[in-house]
Amino acid sequence: MEIHQVKQRLIMTSRLDGLGHLPIKVLQSVSGSTLVALDPIGVKNGDWVFTIANSAARTAAGDDEILTDLTVAGIIDNWPTQTE
Amino acid sequence: MEIHQVKQRLIMTSRLDGLGHLPIKVLQSVSGSTLVALDPIGVKNGDWVFTIANSAARTAAGDDEILTDLTVAGIIDNWPTQTE
Amino acid sequence: MEIHQVKQRLIMTSRLDGLGHLPIKVLQSVSGSTLVALDPIGVKNGDWVFTIANSAARTAAGDDEILTDLTVAGIIDNWPTQTE
Amino acid sequence: MEIHQVKQRLIMTSRLDGLGHLPIKVLQSVSGSTLVALDPIGVKNGDWVFTIANSAARTAAGDDEILTDLTVAGIIDNWPTQTE
Amino acid sequence: MEIHQVKQRLIMTSRLDGLGHLPIKVLQSVSGSTLVALDPIGVKNGDWVFTIANSAARTAAGDDEILTDLTVAGIIDNWPTQTE
């Protein structure tokens, strides 16, 4: 899994039905790259989250038929200054 | 999922039957890398789209037997200047 | 599989049920990138481990329904100064 | 999918039976990295091709049991100077 | 598939049972990155090999239940100075 910060909700003019009804969020990695994930948790902009990729992303979205390769799986406490 | 801009339709002299009949598009990432995706939506050159990879890409193409590892899943509004 | 060093346990305010009850660890690669993995072995901070990705990561977590794309699969002896 | 140029046929002293009998080709990406793919089409050195990865690569090789994670899926016209 | 050179056998203090009994080898890519793969062939240190990733890696290890995302699939002749 990887750690990303939530930037915004993605607004689309057209999308495939198989994406279901979950919000789609734009995420940014620490290295600055941009990714897009389904959000079954309801995260807010600025939250640090961790994401699951590939086949587990579909299960994480609540249904193995959902079209996704990346899904938000949890919100992280006190990141990036977290200490154990 | 990732965000790409559509550059052109890919013209081939030979292709496997299992690719089906969807158009095949050349996409470019923000970092400049080039990828190829099936297009079940009918996107235009210059559109900003988001793409789904791996097993979900096959479902997104309309049939789990379609040969693809990347499929266009939606057109994005007002990208890259979009604000929420 | 890849080789990573264990940095800390990940503390979350919210997580999907499907992640199960295994600890979730933050790992760092030799090149400095940060990843997150399920830990069925009980590794300690500072341990060098190797990780399994994608569908095998789910099996490695003990149940193919577990939500993970990366699972710790073993602790390495004498890394990185190991010689055969 | 990605775009690569065919460099040569790969010569091996030992290979797993599950690879089947298709030729194995060394490909080079535009950025210079080297990959290896099964070739069910019969491409020539110097051809520009596009390749399919992961589970669809196995179907593309003609049998879901074939051992491959990358298969040549088509020959591209007039690349890289192609214009639509 | 990718091309790697075998560096050494990996020595572990703890490993999951599902990895089976094949040797585990440390590989190095041409670009210098380090990976770990199961070895069903019996390759020697210094050999140039090609590897299969993801679901096909499990089949290549001899059993779809084996825990691996990378398996050695063949030994290459005369690499990297090979000419066709």
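How many bridges join strand β1 and strand β5 of chain C, and in which sense do the two strands pair? The first legend below takes up this question, and the others move on to chain D and to the interfaces. The model is predicted.

**View 1. Strand β1 of chain C pairs with β5(C) and with β3(C).**
Strand β1 (residues 2-9) of chain C and strand β5 (residues 48-53) of chain C are antiparallel and share four bridges. Within this pairing, Gln5(C) lies opposite Trp48(C) of β5(C). β1(C) also pairs with strand β3 (residues 24-29) of chain C, again in the antiparallel sense, here over five bridges. Gln8(C) of this pairing stands opposite Val26(C) in β3(C).

**View 2. Strand β1 of chain D pairs with β5(D) and with β3(D).**
In chain D, strand β1 (residues 2-9) runs antiparallel to strand β5 (residues 48-53), and four bridges join them. Trp48(D) in β5(D) is the bridge partner of Gln5(D). Five bridges connect β1(D) to strand β3 (residues 24-29) of chain D, also antiparallel. There, Val26(D) of β3(D) faces Gln8(D) as its opposite residue.

**View 3. Chain B and chain D form an interface that buries about 2,000 Å².**
Carbon and sulfur atoms give 57% of the area buried between chain B and chain D. Ile11(B), Leu16(B) and Asp69(B) lose the most area to chain D on the chain B side, and together they account for 25% of what that side buries. The contact involves 25 residues of chain B and 24 residues of chain D. Between these chains there are 11 residue pairs in polar contact, with both residues at pLDDT 80 or more. The rule finds zero salt bridges across the interface of chain B and chain D.

**View 4. Four strands of chain B each supply at least two residues of the side that touches chain D.**
These strands are β1 (2-9), β2 (12-15), β3 (24-29) and β4 (34-38) of chain B. β4(B) provides the largest share of the side of chain B that touches chain D, namely five residues. By class, that side of chain B has 13 nonpolar, seven polar and five charged residues.

**View 5. Strand pairing crosses from chain B to chain D.**
β2(B) pairs in the antiparallel sense with strand β6 (residues 70-76) of chain D, over three bridges. In this pairing, Arg15(B) stands opposite Gly74(D) of β6(D).

**View 6. Chain B is superposed on chain D by a rotation of 72°.**
The shift along the rotation axis is 0.0 Å, and the RMSD of chain B on chain D is 0.0 Å. Why is this rotation described by a five-fold axis? Because a rotation of 72° with 0.0 Å of shift is the relation of a five-fold axis. The copies use different surfaces, and 4% of the contact residues of chain B recur in chain D.

**View 7. Chain A and chain C form an interface that buries about 2,000 Å².**
Of the area buried between chain A and chain C, 57% comes from carbon and sulfur atoms. Chain A gives 24 residues to the contact and chain C gives 25 residues. The rule finds 11 residue pairs in polar contact across the interface of chain A and chain C, both residues being at pLDDT 80 or more. For salt bridges across this interface, the count is zero.

**View 8. Three strands and a helix of chain A each give two or more residues to the side that touches chain C.**
The elements are β1 (2-9), β5 (48-53), α1 (55-60) and β6 (70-76) of chain A. β6(A) gives the most to this side of chain A, with five residues. The residues of the side of chain A that touches chain C comprise 14 nonpolar, seven polar and three charged.

**View 9. Strand pairing crosses from chain A to chain C.**
β6(A) and strand β2 (residues 12-15) of chain C run antiparallel and are joined by three bridges. Arg15(C) in β2(C) is the residue opposite Gly74(A). A turn of 72° with a shift of 0.0 Å along the axis lays chain A on chain C with an RMSD of 0.0 Å. These copies use different surfaces, with 4% of the contact residues of chain A recurring in chain C.

**View 10. Chain C and chain D have no contact, and chain A and chain E do not touch.**
The closest C-alpha atoms of chain C and chain D lie 11 Å apart. For chain A and chain E, the nearest C-alpha atoms are 11 Å apart.

Technical notes: Residues numbered from 1 in each chain as written. Chains lettered and ligands numbered in written order. Predicted model: local features only at pLDDT ≥ 70, side-chain atom pairs only at ≥ 80, totals over all residues. Heavy atoms only, no water. Contact = heavy atoms within 4.5 Å. Buried area = accessible area lost by both parts, 1.4 Å probe. Salt bridge = Lys/Arg side-chain N within 4 Å of Asp/Glu carboxyl O. Polar contact = N/O pair within 3.5 Å; in protein donor to acceptor, adjacent residues only side chain to side chain. Nonpolar A, V, L, I, M, F, W, Y, C, P; charged D, E, K, R; others polar. Pairing = 2+ DSSP bridges. Least-squares fit on C-alpha atoms with pLDDT ≥ 70 in both.
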